[in-house]
Amino acid sequence: MSDFLKHECGIAMIRLLKPLEYYKEKYGSAFYGVNKMYLMMEKQHNRGQDGAGFASIKLDTKPGQRYISRVRSIAQQPIQDIFGQINDRINNELKLHPEYLDDVAAQKKNIPYIGEVLLGHVRYGTFGKNSVESVHPFLRQNNWMHRNLIMAGNFNMTNVKELFDNLIQLGQHPKDYTDTITIMEKIGHFLDDAVSKIYKDLKKEGYNKQEASPLIAKRLKVGKILKRAAKNWDGGYAMAGLIGHGDAFVLRDPAGIRPAYYYKDDEVVVIASERPVIQTVFNVKFDDVKELQPGQAIITKKSGEVRLKQILPPLEKKACSFERIYFSRGSDAEIYKERKTLGKLVMPKVLEAINNDTKNTVFSYIPNTAETSFLGMIETAEKHINEKKTEAILNGQRSISAEKVTEILSERPRIEKIANKDVKLRTFITEDSSRDDLVAHVYDITYGVVKPNDNLVIIDDSIVRGTTLKKSILKMLDRLNPKKIIVVSSAPQIRYPDCYGIDMANLEGLIAFQAALALLKENNKYSIVEEVYKKCLDQTHLEDKEVVNFVKELYDPFTDEQISDKISELLSDESINAEVKIIFQSVENLHKACPEHLGDWYFTGNYPTVGGNRVVNRAFINFYEGNKERAY
Ligand SMILES: NC(=O)CC[C@H](N)C(=O)O
């Protein structure tokens, strides 16, 4: 990905089902859970580098003993920072008290972080600030064990404001306006309610307060609480939570927008945002790791009983295809295959653009996420070249010489590593920075492999704003003097804002949107812009479910090809000598490559929840009025 995008968060949850002694015995350490959590977070670092956090709960502690620990960080390397702190603390305690070394009970009693229920989170902020207070897990504390709530999530709601106002209507006074607190307090409200109700029942049954406590934990119906709390959430989410006494849950949104996977055996229950994380960290097979279904929650009671519960009626499944194209790690068996297929499917258009002249074409890619689709592209190139070879040999019939055959067979696709990423520079340039000359140096180039009359084909996973392409990559590639530069996007054109976790919240930043505007102007159709604005304004008072995405009308008059060509034009200025062509994947091919992840609203404008149409409506109004505010 050459555009800098902030996107997902990663969640990781572990519940140890056996007593800690068991892990000490079998794996040599009662810190088994902490160690596994470190690995799970490290293997999901791609999902969030703004901050990281960890929380754990010890089961069955005595009153007066600490049973919740948490640590959060926004340091440069936040995961290392928190586990550095955790390790220092553990090692210090063990140094001071060597007698704890083989005494698991003493370790549990005296050393923080060690526990049976663990929650980890890596964050890319999509809401609010980047301060340490915004880093998950969030804590809602109470003197009653069952009213303590710890939450972390990979989520973005389109209606946070409404949910926040609901809390106020309930008489609450949230301490901050953040989406995570809003969600947590919403669950917290129904948790409190459930606890009081159960206590009332128990009192009627003759139990005193102290006797009631463990029974509340037993009777608490987490599924019911989630059902009441999540009723009005509109967004994409995988929300993870722990309740003080030890119940734990993860709830996935009803359209399955955000991912969640789980694994269970008799030692552990594990949940994570990505499948291969669980596979490698627990050394289990692909099929052993299951996907949490849309609207479903996985609930682990303190007793260790695990249940899957349908919390919300599922909507049509629209799992985010960007997870497959770009966010998630490509080491997942399915994702790897899908990325390769994306490369294969876009290749016919590339061959057409180079007039099948593979001899004079260099193929390359933007590191690192486009590497796999590049491999797919090359497989198709090889197939094409082999067909040419067969034809050439057959055409020569019997008269063809051995030298000629060797010459024919020697043609291979010319693969080179042209662009090299300077990772340190990339992390230094944050957000929508306009420091152009820094951006220009994020990639280094390889000289000496492209001949002046070559075509240069370079694949990227997607093009959002196109800033890095324009400011850096195209200029740099042009220095190699190719005849033609073809930039291939393994994803379709990004035409609409996202509101479920990717920071593409305004329309005017999208290069496809700019292309449509330019085409409307050129074709004297700019009046459509005004008409769409009026239609959008007319919808502002409607309920979400009645809102229509009229922004589609801006793209309607043009073919995909016209938009692509206009994007090529917008991204290449006069200083570029080579002819520039940008080729995008078609939406149809994307679905062919990723049949289980049909979420495509950023490409098609078909939003999976009703809130999405409200967001795009607002985004357009904001654009038209020159308002820089977020659309939700
Ligand atoms: N990327 C995410 O899932 C972000 C979670 C949450 N919206 C936050 O900003 O902290």
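This passage describes the ligand site, two open sheets and two local backbone features of a predicted model.

The ligand site is considered before the sheets. The ligand is surrounded by 14 residues. Among these, Cys9, Arg123, His136, Phe155 and Asp179 come nearest. By class, the shell divides into four nonpolar, seven polar and three charged residues. Strand β6, spanning residues 149-157, gives the most to this shell. Its contribution is four residues.

Polar atoms of the protein face both nitrogen and oxygen atoms of the ligand. In the side chain of Thr126, an N or O atom is 2.9 Å from a nitrogen atom of the ligand. Phe127 takes part through its backbone: an N or O atom there lies 3.1 Å from a ligand oxygen atom. Asn154 places a polar side-chain atom 2.9 Å from an oxygen atom of the ligand. Taken alone, the ligand exposes 290 Å². The protein buries 100% of that area.

The seven-stranded sheet is open and antiparallel in its pairing. Its strand order is β3-β2-β4-β1-β10-β9-β11. The edges are formed by β3 (68-73) and β11 (290-291). Each edge strand pairs on one side only. Helix α3, residues 78-96, lies across three strands of this sheet, namely β2 (51-57), β3 and β4 (117-123). The helix runs at about 35° to β2.

Strand β9, residues 261-264, pairs with both β10 and β11. Towards the edge strand β11, two bridges join the antiparallel pair. Tyr261 stands opposite Glu291 of β11. Tyr262 has Lys290 as its bridge partner in β11. On β10 (residues 268-272), the antiparallel pairing with β9 extends over four bridges. Here the bridge partner of Tyr262 is Ile271. Tyr262 thus has a bridge partner in β10 and another in β11. A hairpin of three residues joins β9 to β10.

The five-stranded sheet is also open, but its pairing is parallel. The strands follow the order β15-β14-β18-β19-β20. At the edges are β15 (414-415) and β20 (579-584), each paired on one side only. Strand β19, residues 484-489, pairs with β20 in the parallel sense over six bridges. Within this pair, Ser489 has Phe584 of β20 as its bridge partner. Helix α16, residues 467-478, lies across β18 (455-460), β19 and β20. Relative to β19, the helix runs at about 135°.

Two backbone features fall in loops. Most residues other than glycine have a negative phi, and most peptide bonds are trans. The peptide bond from His136 to Pro137 is cis, with omega near -10°. Pro137 is found in the loop between β4 and β5 (138-140). His136, on the other side of this bond, is one of the residues that come nearest to the ligand. The second feature concerns phi. Asp60 is not a glycine, yet its phi is positive, at about 55°. Asp60 lies in the loop between β2 and β3. Both of these strands belong to the seven-stranded sheet, and α3 lies across both.

Conventions. Residues numbered from 1 in each chain as written. Predicted model: local features only at pLDDT ≥ 70, side-chain atom pairs only at ≥ 80, totals over all residues. Heavy atoms only, no water. Near = heavy atom within 4 Å. Polar contact = N/O pair within 3.5 Å; in protein donor to acceptor, adjacent residues only side chain to side chain. Areas by Shrake-Rupley, 256 points an atom, 1.4 Å probe, with all protein chains shown as cover. Nonpolar A, V, L, I, M, F, W, Y, C, P; charged D, E, K, R; others polar. Pairing = 2+ DSSP bridges. Contact = heavy atoms within 4.5 Å. Axes fitted to C-alpha atoms, helices over the stretch in contact; angles between N-to-C directions.
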